[in-house]
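Hi,

Here's the structure I said I'd pass on. Have a look at it first, then read my notes underneath.

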Amino acid sequence: TFLSPTFVVRDFGDSMSDAFMMDKYCTAFYSTKDKDSNQSGAFGLGRLASLSLSATYTIACYQNGKRRGYSVFINGDGLPELVRTNNRDTDEPDGVEVSVPVQEKDIPSFEDALKRGLKYYPTKPVVKGKAGFKFEECRRTLTNDNWYVDSSLDRPIAIGGIYSYALESDNIPDLTPTQSNLLKSNLGLTLIFSPDELVPQVSRQ
């Protein structure tokens, strides 16, 4: 909210060990998911994405009755670094909480990104701090086994697992004229892939 400009995500999964946090968390491209094609992600970058929003953020790992706190920041060499800030008993369930400071002017952008970015999650998170928040819904008008048309979209996308990616015909080689025209249309064409079939183009964004 505008009174507390912090973006907080709390999950209730297996959490992360202290050894992983201290030794691997800040290692870009390291992933524990890269051997499982059924898991989304696996690029080893998502956990550090918060540094694109803030020069520092905090993590709380709840595991086996302990709460371990960490601070992640950009060090003097311009690299991500992590320090442990506390370790105490807790009765909170296992999981992870990430807290990222945000600017007030960016709050509407966060709302829009959540509505669109989590649209394809089969299990939606509970959103607190914003009354009346609703996720976007797909409006399928044509459908097939590996594609459909979503009339709520004005651009073509690809879905790999739970993530969606913009499709730009200029960046895809060997397209036929028909395929290129489809991707340049505003029909909301949606192509479906398994998580390991898509490799997003790397960019500074």
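Below is what I found, going through a few loops and one pair of strands.

Keep in mind that this is a predicted model.

Let's begin with serine 50. This residue sits in the loop that links helix 1 (18-23) to strand 2 (56-63). Its relative accessible area is 14%, and since buried means under 20%, serine 50 counts as buried. What does serine 50 touch, once you leave aside its neighbours within four places in sequence? The answer is Tyr57, Val98 and Val100.

Next, two residues with backbone angles you may want to look at. Serine 15 isn't a glycine, yet it has a positive phi of about 65°. You'll find serine 15 in the loop between strand 1 (6-10) and helix 1. Is serine 15 buried or exposed? It's buried, with a relative accessible area of 18%.

Aspartate 174 also has a positive phi, about 65°, and it isn't a glycine either. Its loop runs between strand 9 (163-166) and helix 3 (177-184). Aspartate 174 is exposed, because its relative accessible area is 77% and the cut-off for exposed is over 50%.

Finally, the strand pair. Strand 6 (residues 140-143) and strand 7 (residues 147-150) run antiparallel, and three bridges join them. Together they make a hairpin, with three residues between the two strands. If you want a spot to zoom in on, threonine 143 stands opposite tyrosine 148 of strand 7.

Cheers

Note on methods. Residues numbered from 1 in each chain as written. Predicted model: local features only at pLDDT ≥ 70, side-chain atom pairs only at ≥ 80, totals over all residues. Heavy atoms only, no water. Helix = DSSP H or I, 4+ residues; strand = E, 2+ residues; numbered from the N terminus. Buried < 20%, exposed > 50% of the residue type's maximum accessible area, 1.4 Å probe, protein only. Contact = heavy atoms within 4.5 Å. Pairing = 2+ DSSP bridges.
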